[in-house]
Amino acid sequence: MSNGFLWQSAYSELLFLDELWPDFTRECFEQALADFGQRVRTLGRSHRPASKVDP
């Protein structure tokens, strides 16, 4: 990634695998999709529940 692409990818979710492109099979792709589907997206917020403050 270079120049402006680094800024464009600020909220991207990148996945780095050990498989090289010629060895990337349909099963690898399906596993990547399954991994992506299980992620918790917080959009910059904390994933912990907010604590309640008593007045």
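Helices (H or I, at least four residues) and strands (E, at least two) are taken here as DSSP runs, numbered from the N terminus. On that basis, the protein chain comes out with 2 helices and 0 strands. The model is a predicted one, so local features need pLDDT of at least 70 and side-chain atom pairs count only at pLDDT 80 or more, while totals for chains, interfaces and linings use all residues. Residues are numbered from 1 along each chain as its sequence is written, and side-chain values use heavy atoms, with hydrogens and water left out.

As for burial, 5% of the 55 residues in the protein chain count as buried (under 20% relative accessible area, with exposed meaning over 50% and partly exposed in between; 1.4 Å probe, protein chains only). About 5900 Å² of the protein chain is exposed, and 57% of that comes from carbon and sulfur atoms (Shrake-Rupley method with a 1.4 Å probe; for residues, only the protein chains shown count as cover).

L14 sits in the loop between α1 (4-8) and α2 (26-37). This leucine counts as partly exposed because its relative accessibility is 42%. L14 and F36 are 22 residues apart along the chain, and their C-alpha atoms are separated by 9.6 Å.

Then there are the rings. Searching the whole structure turns up 1 aromatic pair (rings of Phe, Tyr and Trp, the last by its six-membered ring, with centres within 6.5 Å; planes under 30 degrees apart count as stacked, over 60 as edge-to-face and the rest as tilted). W21 and F24 make up this stacked pair, at 5.9 Å centre to centre and 15° between the planes. W21 counts as exposed because its relative accessibility is 71%, whereas F24, with a relative accessible area of 26%, is partly exposed.
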